[in-house]
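Biologist: Please take me through this chain one question at a time. I should like each answer to set out its reasoning before it gives the result.

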Amino acid sequence: MQSMKLSLSVLCVLALAGCSSMSEKECLNADWRKVGYDDGSAGKYTSIFDDYVKDCAKAKVMPDNQAYLLGPR
């Protein structure tokens with residue numbers, strides 16, 4: 001029973017961590033070319049950029065799509 005509670009707790013933490021792709025602070029300080037490079041190196045799809053746009057809107061930051069797409073090259 002205790003291991004079930006632990007598993008459920010871990011699952012909840014992981015679910016909450018997956019809700020935001022980038023914090024407001026990260027948005028304000030992002031090097032979008034590096035973010036694109038890192039995402040490409042990690043095998044992430046470029047569609048994650050849409051999540052950055054949504055998350056960064058809270059910080060009134062518009063991510064640089066052009067720089068982001070240059071990152072993986």
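Biologist: In which helix is aspartate 55 found?

Modeller: This is a predicted model, in which local features need pLDDT of at least 70, side-chain atom pairs count only at pLDDT 80 or more, and totals for chains, interfaces and linings use all residues. Residues are numbered from 1 along each chain as its sequence is written, and side-chain values use heavy atoms, with hydrogens and water left out. Helices are DSSP runs of H or I of at least four residues, and strands are DSSP runs of E of at least two, both numbered from the N terminus. Aspartate 55 is found in helix H4.

Biologist: Aspartate 55 has no salt bridge; how far away is the nearest side chain of opposite charge?

Modeller: Side chains of opposite charge can pair when their charged atoms come close. Lys and Arg count as positive and Asp and Glu as negative, while His and the chain ends are not counted; a salt bridge needs a side-chain nitrogen of Lys or Arg within 4 Å of a carboxyl oxygen of Asp or Glu. Aspartate 55 is buried, a term for under 20% relative accessible area, with exposed meaning over 50% and partly exposed in between (1.4 Å probe, protein chains only). Its nearest side chain of opposite charge is that of lysine 58, at a distance of 4.1 Å.

Biologist: Which residue offers the backbone nitrogen that the side chain of aspartate 55 reaches?

Modeller: A polar contact is a pair of N or O atoms within 3.5 Å; within protein, one must be able to donate a hydrogen and the other to accept it, and residues adjacent in sequence count only if both atoms are side-chain atoms. Contact in general means heavy atoms within 4.5 Å, and, not counting residues up to four places away in sequence, aspartate 55 touches Ser20, Ser21, Met22 and Cys27. At 3.2 Å, the side chain of aspartate 55 reaches the backbone nitrogen of methionine 22.

Biologist: Which side chain makes a polar contact with the side chain of tyrosine 52?

Modeller: Tyrosine 52 also has its place in helix H4, and it is buried because its relative accessible area is 3%. Residues up to four places away in sequence aside, it touches Ser21, Met22, Trp32, Val35, Asp39, Pro63 and Tyr68. The polar contact, at 2.6 Å, is with the side chain of aspartate 39.

Biologist: With which residue does aspartate 39 form a salt bridge?

Modeller: Aspartate 39 lies in helix H3 and counts as buried because its relative accessibility is 5%. Leaving aside neighbours within four places in sequence, it is in contact with Lys44, Ile48, Tyr52 and Tyr68. The salt-bridge partner is partly exposed, with a relative accessible area of 43%. With the closest N and O atoms 3.8 Å apart, that partner is lysine 44.

Biologist: How far apart are the closest N and O atoms in the salt bridge between lysine 34 and aspartate 38?

Modeller: The count comes to two salt bridges, and this pair forms one of them. Lysine 34 and aspartate 38 are separated by about one helical turn because they are four residues apart in helix H3. Lysine 34, at 48% relative accessibility, is partly exposed, and so is aspartate 38 at 34%. The closest N and O atoms are separated by 2.7 Å.

Biologist: Which helix gives the largest share of the largest nonpolar core?

Modeller: A nonpolar core is a set of buried Ala, Val, Leu, Ile, Met, Phe, Trp, Tyr and Cys residues joined through side-chain atoms within 4.5 Å. The largest one has 12 residues, including Trp32, Phe49, Tyr52, Ala59 and Tyr68. Helices H3 (32-41), H4 (48-57) and H5 (65-70) each give two or more residues to this core. The largest share, four residues, comes from H4.

Biologist: What is the phi of lysine 60, roughly?

Modeller: Lysine 60 is placed in the loop between H4 and H5, and it counts as exposed because its relative accessibility is 78%. It is not a glycine, although its phi is positive, at about 60 degrees.

Biologist: How much of the area exposed by the chain do carbon and sulfur atoms supply?

Modeller: The chain has five helices and zero strands, and 23% of its 73 residues count as buried. Accessible areas come from the Shrake-Rupley method with a 1.4 Å probe, and for residues only the protein chains shown count as cover. The chain exposes about 5,700 Å², of which the carbon and sulfur share is 59%.
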